[in-house]
Amino acid sequence: MHVQPKYIPLRQSTFFGDNRSARLPINGTVARDQYNGDPYLVTGKNGKQDGDRMPYPVTMEVLQRGQQRYNIYCAPCHSRVGDGNGMIAQRGYRQPPSLHDDRLRQAVLGHFFDVMTNGYGAMPDYASQINPTDRWAIAAYIRALQLSQHGSIEDVPAENRNAIDPAVMYAPNEMPRTIDGKQYPEGPNSSDVPAEKSTNPQ
């Protein structure tokens, strides 16, 4: 195999008129990894710094796409709620940090894009599995997931608050409960709530 008609890169050739063995690309061809659009879309960086903006508008469709891709590629390790306790981690793989840690809640959006693109620590890169547009959709969904775990009723527009089920507005031990016409904000675990009558004949 060593002795064959081949040219070492940049070796001179007398076959071509310009004496170069390496040929220029045919006009109009585009390399597989070549991208001539917005560099921020494919790097997530402003210069050398991770950016903190989406390269395109975030819509409900974008978040739904991000959720779908997250559940496929990220949830096995990070879990669907982002607490780092996915099934892969439960079976011995190194547990990733919770996406709800203060460090990651304060991380810029481009950080998540960069980690998916280049990997980080024990996490491999997903650049070959997830295209840049989907990586951004996942980053947007991660931010929405973080907000969902630290939101309050004040974050909901006033005109929409009545449509929210009270069960999702309070933690289990804080949900309002009415017993004998009296409301107990602390819920059934409160020490001042009277014991309910048992329906068990025993």
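## Overall organisation

Among the contacts in the chain with a separation of 6 or more, 40% are accounted for by residues 24 or more positions apart. This figure, like every other value in this report, is computed from a predicted model.

The chain contains seven helices and four strands, and reading along the sequence gives the pattern α-β-β-α-α-α-α-α-α-β-β. Of the 202 residues in the chain, 27% are buried, while the area that the chain exposes comes to about 14,800 Å², with carbon and sulfur atoms supplying 52% of it.

## The nonpolar core

The largest nonpolar core holds 25 residues, and the members that touch the most other members are Tyr56, Tyr70, Phe112, Trp136 and Ile138. At least two residues of this core come from each of helix 1 (39–43), helix 2 (60–73), helix 6 and helix 7 (132–149), and helix 7 gives the most, with eight residues. In soluble globular proteins, nonpolar side chains tend to be buried together.

Phe112 can be followed further through its contacts: with residues up to four places away in sequence not counted, Phe112 touches Leu99, Leu104, Ala107, Ala139, Ile142, Arg143 and Gln146.

## His111 and its surroundings

His111 is a residue of helix 6, which spans residues 109–118. Because the relative accessibility of His111 is 18%, this residue counts as buried, the cut-off for that class being under 20%. When residues up to four places away in sequence are set aside, His111 touches Asp50 and Leu104; Leu104 is also among the residues that Phe112 touches.

Asp50, one of the residues touched by His111, takes part in a salt bridge as well, where its side chain meets that of Lys45 at 2.6 Å, N to O. Both partners of this salt bridge are partly exposed, Asp50 with a relative accessible area of 24% and Lys45 with a relative accessible area of 26%.

## Other salt bridges

A search of the whole structure finds six salt bridges, and one of them joins the side chains of Arg23 and Asp18, which meet at 3.0 Å, N to O. Arg23 is partly exposed, its relative accessible area being 42%, and Asp18 is likewise partly exposed, with a relative accessible area of 36%. Asp18 and Arg23 also belong, together with Arg20, to a network in which the residues are linked by salt bridges.

A further salt bridge is found between Arg105 and Asp102, whose closest N and O atoms are 3.4 Å apart. Both residues lie in helix 5 (residues 102–105), where they are three residues apart, about one turn of the helix. Arg105 is partly exposed, with a relative accessible area of 34%.

## The largest pocket

The largest pocket has a volume of about 550 Å³, and 25 residues line it, of which His78, Pro96, Pro97, Val115 and Met123 lie nearest its centre. Helix 2, helix 3 (75–78), helix 5 and helix 6 each contribute at least two residues to the lining of this pocket.

Helix 6 gives the most to the lining of the largest pocket, with four residues. Helix 6 also supplies at least two residues of the largest nonpolar core, and it is the helix in which the buried residue His111 lies.

Terms used
Residues are numbered from 1 along each chain as its sequence is written. This is a predicted model: local features need pLDDT of at least 70, side-chain atom pairs count only at pLDDT 80 or more; totals for chains, interfaces and linings use all residues. Side-chain values use heavy atoms; hydrogens and water are left out. Buried means under 20% relative accessible area, exposed over 50%, partly exposed in between (1.4 Å probe, protein chains only). Contact means heavy atoms within 4.5 Å. Accessible areas come from the Shrake-Rupley method with a 1.4 Å probe; for residues, only the protein chains shown count as cover. A salt bridge is a side-chain nitrogen of Lys or Arg within 4 Å of a carboxyl oxygen of Asp or Glu. A nonpolar core is a set of buried Ala, Val, Leu, Ile, Met, Phe, Trp, Tyr and Cys residues joined through side-chain atoms within 4.5 Å. On a 1 Å grid over the protein atoms alone, a cavity is a set of points where a 1.4 Å probe fits but cannot get out, and a pocket is an open set with protein on both sides within 12 Å along at least five of seven lines; lining residues have an atom within 4 Å of a point. Grid points are joined across faces, edges and corners, and a volume is the space filled by probe spheres set on the points.
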